[in-house]
Amino acid sequence: MGSYTTTQGDTWDGIAFRLWGREHLMSALMRANPDHADVLMFPAGVVLDVPEINPDAFVQPVTELPPWM
């Protein structure tokens, strides 16, 4: 497990995007840091645990396009 030190104004989804390129992985980050789950916007200097995940394992291929496409 790694770590990430927040900068002023960081948000869960922004951190997840910065780390893995996918905002929806913020839930994995939040599960690894339950003591900070109620934080919406971080101050600078909070050290978060970063779980080791493969972001490509969470990509679901599009098998059917919507009719308008």
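This passage describes the fold, the nonpolar core and several individual residues of a predicted protein model.

The protein contains two helices and two strands, and from the N terminus on these elements follow the order β-α-α-β. Strand S1 covers residues 2-5 and helix H1 covers residues 12-20, while helix H2 spans 26-32 and strand S2 spans 47-50. The average pLDDT of the protein is 89, and 87% of the residues score at least 70. In the protein, confidence is lowest in H2, with a mean of 94, and highest in S2, with 98. Where pLDDT is low, the predicted coordinates should not be read in detail.

Of the 69 residues of the protein, 28% count as buried. The exposed surface of the protein amounts to about 4,900 Å², of which carbon and sulfur atoms supply 57%. Among the contacts in the protein with a separation of 6 or more, 61% involve residues 24 or more positions apart.

The largest nonpolar core is made up of twelve residues: Tyr-4, Trp-12, Ile-15, Ala-16, Trp-20, Leu-25, Leu-29, Val-39, Phe-42, Val-46, Leu-48 and Val-50. The elements that contribute two or more residues to this core are H1 and S2. The largest share, four residues, is supplied by H1. One of the core residues, Val-50, is in contact with Met-1, Gly-2, Ser-3, Tyr-4, Leu-19, Trp-20 and Leu-29, when neighbours within four places in sequence are left aside.

Ala-16, another member of the core, is located in helix H1. Its relative accessible area is 0%, and because buried means under 20%, Ala-16 is classed as buried. Apart from residues up to four places away in sequence, Ala-16 touches Gly-21, Arg-22, Glu-23, Leu-25, Met-26 and Leu-29. Ala-16 and Ala-28 are twelve residues apart in sequence, and their C-alpha atoms are 8.8 Å apart in space.

The structure holds one aromatic pair. This pair is formed by Trp-12 and Phe-42 in an edge-to-face arrangement, with 5.0 Å from centre to centre and 75° between the planes. Distant parts of the chain are linked by the pair, since Trp-12 belongs to helix H1 and Phe-42 to the loop between helix H2 and strand S2, 30 residues apart. Both Trp-12 and Phe-42 are buried, and both are listed in the largest nonpolar core.

Two residues in the loop between S1 and H1 were examined further: Thr-6 and Asp-10. Thr-6 has a relative accessible area of 3%, which lies under the 20% limit, and Thr-6 therefore counts as buried. The side chain of Thr-6 reaches the backbone oxygen of Pro-43 at 2.6 Å. Not counting residues up to four places away in sequence, Thr-6 touches Ile-15, Phe-42, Pro-43, Ala-44, Gly-45, Val-46 and Leu-48. Several of these residues, including Ile-15, Phe-42, Val-46 and Leu-48, are touched by Thr-6 and belong to the largest nonpolar core.

Asp-10 is likewise buried, because its relative accessible area is 7% and the limit is 20%. A polar contact joins the side chain of Asp-10 to the side chain of Arg-18 at 3.1 Å. When neighbours within four places in sequence are set aside, Asp-10 is in contact with Tyr-4, Ile-15, Arg-18, Leu-40, Met-41 and Phe-42. Phe-42 is thus found among the contacts of Asp-10 and among those of Thr-6.

The remaining loops provide two further cases. Gly-21 is found in the loop between H1 and H2. With a relative accessible area of 38%, Gly-21 is partly exposed, because this value falls between the limits of 20% and 50%. Gly-21 and Asp-56 are 35 residues apart in sequence, yet 9.8 Å separates them in space, C-alpha to C-alpha. Asp-35 is placed in the loop between H2 and S2. Its relative accessibility is 70%, and because exposed means over 50%, Asp-35 counts as exposed. Along the chain, Asp-35 and Leu-48 are 13 residues apart, and their C-alpha atoms are separated by 9.7 Å.

Definitions and conventions:
Residues numbered from 1 in each chain as written. Predicted model: local features only at pLDDT ≥ 70, side-chain atom pairs only at ≥ 80, totals over all residues. Heavy atoms only, no water. Buried < 20%, exposed > 50% of the residue type's maximum accessible area, 1.4 Å probe, protein only. Polar contact = N/O pair within 3.5 Å; in protein donor to acceptor, adjacent residues only side chain to side chain. Contact = heavy atoms within 4.5 Å. Phe/Tyr/Trp six-rings, centres within 6.5 Å; stacked < 30°, edge-to-face > 60°. pLDDT = per-residue confidence, 0-100. Core = buried A, V, L, I, M, F, W, Y, C linked by side-chain atoms within 4.5 Å. Areas by Shrake-Rupley, 256 points an atom, 1.4 Å probe, with all protein chains shown as cover.
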